[in-house]
Amino acid sequence: MSFKSSQIPLIAAACAAMLTLGAMPTASMFPKPEMFSHWKAPHSASRHKNPIPINAQSISAGESIFTQNCVACHGANAKGDGPTGAFLSPHPANLTTAKFWKQTDGAIFWKITHGKSPMPSFQDSLSRKQRWEVIDYLRHAFGPK
Ligand code: HEC
């Protein structure tokens, strides 16, 4: 790693601040490459087929699950602009883009199940059926037509 001379006072100040706080400046304090990479589900999870067909019942169940559990962050139109989402880093994902819908329901299911800070895991708070239903609703309302 090399620094421009103009950066050295800044780096020194940052290290001094960390030492004052009793922390050693270690590599873990610098951003890791995975923080910038796309959140990807494992291949095995991506292959899971959605067992709940999209119909009036799953759409309406999924919509209320989305409203109660996701809208605060992702916004009612799923663009990632919910009221709480504005304060989060990274910002909640836009669930309406073509790029988002390139992934399988299995991959989306895995992400909802496990979460990724600041998004919580829904493994315990939503049943498997509810996690598939919210995907049915999202695909119906915001997926490619
Ligand atoms: C506390 C805020 C919060 C809540 C609540 C939340 N999310 Fe998220 N969600 C996020 C954030 C932030 C990301 C982006 C994470 C990242 O990329 O590092 C995200 C990402 C996602 C992704 C992955 C997007 C991609 O590009 O593949 C999906 C799918 C998703 N959320 C669905 C949901 C669903 C469905 C719910 C409700 C059951 C929900 N989220 C609830 C904050 C939230």
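The following legends describe close-up views of a predicted model.

**View 1. Overall arrangement of the helices.**
The secondary structure of the protein consists of six helices and zero strands. Read from the N terminus, the order of elements is α-α-α-α-α-α. Of the 145 residues in the protein, 19% are buried. Among contacts with a separation of 6 or more, 55% are between residues 24 or more positions apart.

**View 2. The shell around the ligand.**
The ligand is surrounded by 21 residues, of which C70, C73, P92, A93 and M119 are the closest. Two or more residues of this shell come from each of the elements α4 (71-74) and α5 (105-114). Sorted by class, the shell contains 16 nonpolar residues, three polar residues and two charged residues.

**View 3. The length of helix α3.**
Helix α3 comprises 14 residues, residues 56-69. At 1.5 Å a residue, the helix should span 20 Å, and its end C-alpha atoms are indeed 20 Å apart, so the expected and computed values agree.

**View 4. The buried and exposed sides of helix α3.**
Within α3, the residues S58, G62, I65 and F66 are buried. These four residues lie on the same side of α3 because they cover an arc of only 100 degrees around the axis. The exposed residues A56, Q57 and Q68 are found on the other side of α3.

**View 5. Packing partners of helix α3.**
The buried residues of α3 pack against two elements, α4 and α6 (128-142). Of these partners, α4 also gives two or more residues to the shell around the ligand.

How values were computed: Residues numbered from 1 in each chain as written. Predicted model: local features only at pLDDT ≥ 70, side-chain atom pairs only at ≥ 80, totals over all residues. Near = placed C-beta within 6 Å. Nonpolar A, V, L, I, M, F, W, Y, C, P; charged D, E, K, R; others polar. Expected span 1.5 Å × (residues − 1). Buried ≥ 20, exposed ≤ 12 C-beta atoms within 10 Å, placed from the backbone. Arc of directions from axis to C-beta. Contact = placed C-beta atoms within 7 Å.
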